[in-house]
Amino acid sequence: MAHSVMKLKELESYLQDVDGFEKPKILLEQYPTTPHIAACMLHTMHTRYDDLHDKLVADLGCGCGVLTIGAAMMGCGYVLGIDVDDTALEICARNLEEFEISNVDLLQQDVNIIGSGVRMHKVVDTVIMNPPFGTKHNQGIDMIFLQNALGMARTAVYSLHKTATREHIQKKAAEWGVDIEVVAELRFDLANTYKFHKKKSVDIEVDFIRFSHPRGKLKNR
Amino acid sequence: MKLITHNMLTSNIIKGVTKGYPLGIIPRKVEVKDVDYNPEFLARMIPNMDWSAVCKAAKDVGHDEGLPKEIAPNFTENDEFLKAAHHVLLEIDVVEGDLVCPETGRKFPVSNGVPNMLLKEEEA
């Protein structure tokens, strides 16, 4: 690739300065994407698939913005960070200011209804997200995020899903006619994010997945 | 809120609204911020913009002077057009104001640069 690539370690060390949630909200499943995982995800999107550089990117459920900021650092043309929660968006805006990133916008919107609510059908190149896993009080929310993301993206959607749901997701992807590739298997440490996590650390297995629209089969808007 | 973002927003999330596009802008505070010029990115995304909505939004915020009314036919190689598009889409920032649904007049506030498109339960 002609353009210079930010090194993985360098990206990770920058992302360590992104402030996270002060008081995570259980109902919104606000667990943060760690700098390490965020950096690995973004680096892969860039080096293996060229899905970030000069691209128009949306981050669904951006939270405090670790993926949004990292994507901007990897050379995106513009990133739209979308979240329902105003506290998250305030922290995210503060982070953007501290990082002096100017090609990012934030939007307060319910991702559940965004498929119809934004004139966004196939208007972004790449969607990145760390969706709620939909295990607490909002079962199925991960699939709603995914479906809306696929509607918005022209090329690819990068997402994290519990490995336990892989078969279900593969079935859904086949139904929707999208290609699916499990890029990596990760271990997420939800280290006492919430009070009901009684154990010191709760490791869960998570798939990092790339969904893509088969070439030439892009549905018209 | 940049005008590229405005170009993607509609109010058809409101029950009964069919198109809800483009949203009017009542600006209260508009700033111009420097953003790095990226012609490759612009060439890629301009075909997906609704240019008449860009022009209307630019007029609403008082920054339409000298803005081409249509996308130049050879825009990928037209530096002058790309620079004008860059400025209007990425550098104009609505910090405070309202977005207005063209069908119902419902206002969506923009505060600290972030549009709030959340609905009340009975509206959705």
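Which residue in β7(A) does Arg187(A) stand opposite? Glu205(A) is the residue across from Arg187(A). I will start from that pair and work outwards. One caution before I go on: this is a predicted model.

First, the sheet of chain A. It is an open sheet of seven strands, and the order across it is β3-β2-β1-β4-β5-β7-β6, with mixed pairing. At the edges are β3, residues 104-108, and β6, residues 179-189, each of which pairs on one side only. From one strand to the next the twist averages 20°.

In general, the strands of a sheet pair through backbone hydrogen bonds, and the pairing is either parallel or antiparallel. For β6(A) and β7(A), the latter being residues 203-212, the sense is antiparallel, and the pairing runs over 10 bridges. Arg187(A) and Glu205(A) face each other across these two strands.

Two helices of chain A can be placed against this sheet. Helix α7, residues 166-176, packs on it and touches β5, β6 and β7 of chain A. The direction of α7 makes about 155° with that of β6(A). Helix α2, residues 35-47, lies across β4, β5, β6 and β7 of chain A. Relative to β6(A), α2 runs at about 160°.

Now back to Arg187(A), this time for its side chain. Which side chains does it meet in salt bridges? One of them is Glu205(A), with N to O at 3.3 Å. Glu205(A) is in strand β7 and Arg187(A) in strand β6 of chain A, so this salt bridge ties together parts that are 18 residues apart in sequence. Another partner is Asp203(A), again at 3.3 Å, N to O. Asp203(A) is also in strand β7 of chain A, and here the separation from Arg187(A) is 16 residues.

How open are these three residues? Arg187(A) counts as exposed, because its relative accessibility is 52% and the class begins over 50%. Glu205(A), at 45%, is partly exposed. Asp203(A), at 41%, is partly exposed as well.

Over all chains, the structure holds 16 salt bridges, and a few of those in chain B come up shortly.

Staying with chain A for a moment, there is a helix pair to describe. Two packed helices are described by the angle between their axes and the distance between the axes. Helix α1, residues 8-15, and helix α3, residues 66-73, pack at an angle of about 135°, and their axes are 10 Å apart. On that basis α1(A) and α3(A) are oblique to each other. The contact is made by Leu11(A), Tyr14(A) and Leu15(A) from α1(A), and by Val66(A), Ile69(A), Gly70(A) and Met73(A) from α3(A). As for handedness, the crossing of α1(A) past α3(A) is right-handed.

One more residue in chain A is Glu100(A), in the loop between α4 and β3. Its relative accessible area is 71%, which means Glu100(A) is exposed. From Glu100(A) to Asp189(A) there are 89 residues in sequence and 30 Å in space, C-alpha to C-alpha.

Next, chain B. This chain has an open sheet of four strands, in the order β1-β2-β3-β4, with antiparallel pairing. β1, residues 24-32, and β4 of chain B stand at the edges with a single partner strand each, so each has one side without a neighbour in the sheet. β1(B) and β2(B) run antiparallel and are joined by eight bridges. Within that pair of strands, Lys29(B) stands opposite Glu96(B) of β2(B). Helix α4 of chain B, residues 79-91, packs on the sheet and touches β1 and β2, with its direction at about 60° to that of β2(B).

Lys29(B) also belongs to a network of salt bridges, together with Glu31(B), Lys33(B) and Asp93(B).

The last salt bridge is between Arg106(B) and Glu123(B), whose closest N and O atoms are 2.8 Å apart. Arg106(B) is in the loop between β2 and β3 of chain B, while Glu123(B) is in the segment after β4, 17 residues away. Is Arg106(B) buried or exposed? Arg106(B) is buried, because its relative accessibility is 17% and the cut-off is under 20%. Glu123(B) is buried too, at 16%.

That is where I will stop.

Methods. Residues are numbered from 1 along each chain as its sequence is written. Chains are lettered from A and ligands numbered from 1 in the order in which they are written. This is a predicted model: local features need pLDDT of at least 70, side-chain atom pairs count only at pLDDT 80 or more; totals for chains, interfaces and linings use all residues. Side-chain values use heavy atoms; hydrogens and water are left out. Two strands pair if DSSP finds at least two bridges between them. Axes are lines fitted to C-alpha atoms, for helices over the stretch in contact, and angles run from 0 to 180 degrees between N-to-C directions. Contact means heavy atoms within 4.5 Å. A salt bridge is a side-chain nitrogen of Lys or Arg within 4 Å of a carboxyl oxygen of Asp or Glu. Buried means under 20% relative accessible area, exposed over 50%, partly exposed in between (1.4 Å probe, protein chains only). Angles under 35 degrees count as roughly parallel, over 145 as roughly antiparallel, 65 to 115 as roughly perpendicular and the rest as oblique. A crossing is left-handed if the near helix is turned anticlockwise from the far one by less than a right angle, and right-handed if clockwise.
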